[in-house]
Amino acid sequence: MNTLIKIPVITISLCCIFSCKTQHFETPEYGKNETEKALTIKKVHNFRAVDNIKNMEGRSLKEGMFYRSAHLHKLKKKSFDQIEKLGIKEIIDLRNSKEIFQKPDHLPNEIAYKKYSAFEDEGDQLSQARKLVLKGKVNASDADKRMIDFYREYVTENPATIKVIITEILDSKDPILYHCTAGKDRTGIVTALVLTILKFDKETIYNEYLLSNNFRKDLVEKRLRLANRLHFLYPKMDLQVLEKLSWVEKRYLDAAFGEIDKKYGSTDAYIQQVLGISEMKREEYIQKFTY
């Protein structure tokens, strides 16, 4: 990336929980139609099926094909049977190598595990970013800008990896689960691209994206309350940075699609030129995943 410091929501939030000065936090925008199934699996956040939605042609997304979540580092052995019952045969990890090393997924042996990172933390930039946040050298405006930059760059900086991720998902014969750390940004972008390829309308795609706020609500609110109570530990830290990095916003996804339009002319051109999906292949995917 071209930015001085990359902060993809994934990790900074981990260091930001240490913050007592009471602060008012804004209410995020939630998804309006909770059509997706929230799947309760212990120690795994934001786990849900992407289904029960219709595309622009009135075709419905088949149930039980796409699953998304946060990391599976704390997945318990007694929850393995839940994964098995869903028919999931493959898991795609969107995290970078350092994130994976620090918190590797805990998976059943029979699951095929693949990792594809379109973002690598070269030069330990995230660790440097954490220190700046704790010292109060990063404010909410900075965090917001870096989030926007991350979304813009994620879809265009390493297009070959994005192509592999999308192809792996759409060529899967069995139900597939893909995830990042929080299951909201990288996972949200990938889901938006998949649904765009399958010709779902913008309102449906953005609503699906915003559902991460619904499913992460209790977790985030608990984190923000803790930050308020413990702010005396890092009094210089701007608590709104944590808030910015905890929710998803339509503007972030706008930034990703806007960058695609700017660089390639249109999303359709991106799908054909970057993802290598012809109109014929796109129609095959639509027939495969919708009815």
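The following exchange concerns selected residues and helices of a predicted model.

Colleague: Why is asparagine 52 called partly exposed?

Modeller: Its relative accessible area is 46%. Buried requires under 20% and exposed requires over 50%, so asparagine 52, at 46%, is partly exposed. Asparagine 52 is found in the loop between strand S1 (48-50) and strand S2 (66-69).

Colleague: What is notable about phi of asparagine 52?

Modeller: Phi of asparagine 52 is near 60 degrees, which is a positive value in a residue other than glycine. Lysine 199 likewise has a positive phi near 60 degrees, and it lies in the loop between helix H7 (186-197) and helix H8 (202-229).

Colleague: How do you know that the span of helix H10 is close to the expected one?

Modeller: Helix H10 covers residues 250-264, 15 in number, and reaches 21 Å from its first C-alpha to its last. The expected span is 1.5 Å times one less than the number of residues; for H10 this gives 21 Å, so the two agree closely. Glycine 265, with a positive phi near 95 degrees, follows H10.

Colleague: Which residues of H10 are buried, and what covers them?

Modeller: Tyr252, Leu253, Ala255, Ala256, Phe257, Glu259, Ile260 and Tyr264 are buried. Their cover includes helix H5 (140-154), H7, H8, helix H9 (239-246) and helix H11 (267-273).

Colleague: What makes Tyr151 stand out in the largest nonpolar core?

Modeller: Among the 66 residues of that core, Phe66, Tyr151 and Ile166 touch the most other members. Leaving aside neighbours within four places in sequence, the contacts of tyrosine 151 include Tyr252, Leu253, Ala255 and Ala256.

Notes. Residues numbered from 1 in each chain as written. Predicted model: local features only at pLDDT ≥ 70, side-chain atom pairs only at ≥ 80, totals over all residues. Heavy atoms only, no water. Helix = DSSP H or I, 4+ residues; strand = E, 2+ residues; numbered from the N terminus. Buried < 20%, exposed > 50% of the residue type's maximum accessible area, 1.4 Å probe, protein only. Core = buried A, V, L, I, M, F, W, Y, C linked by side-chain atoms within 4.5 Å. Contact = heavy atoms within 4.5 Å.
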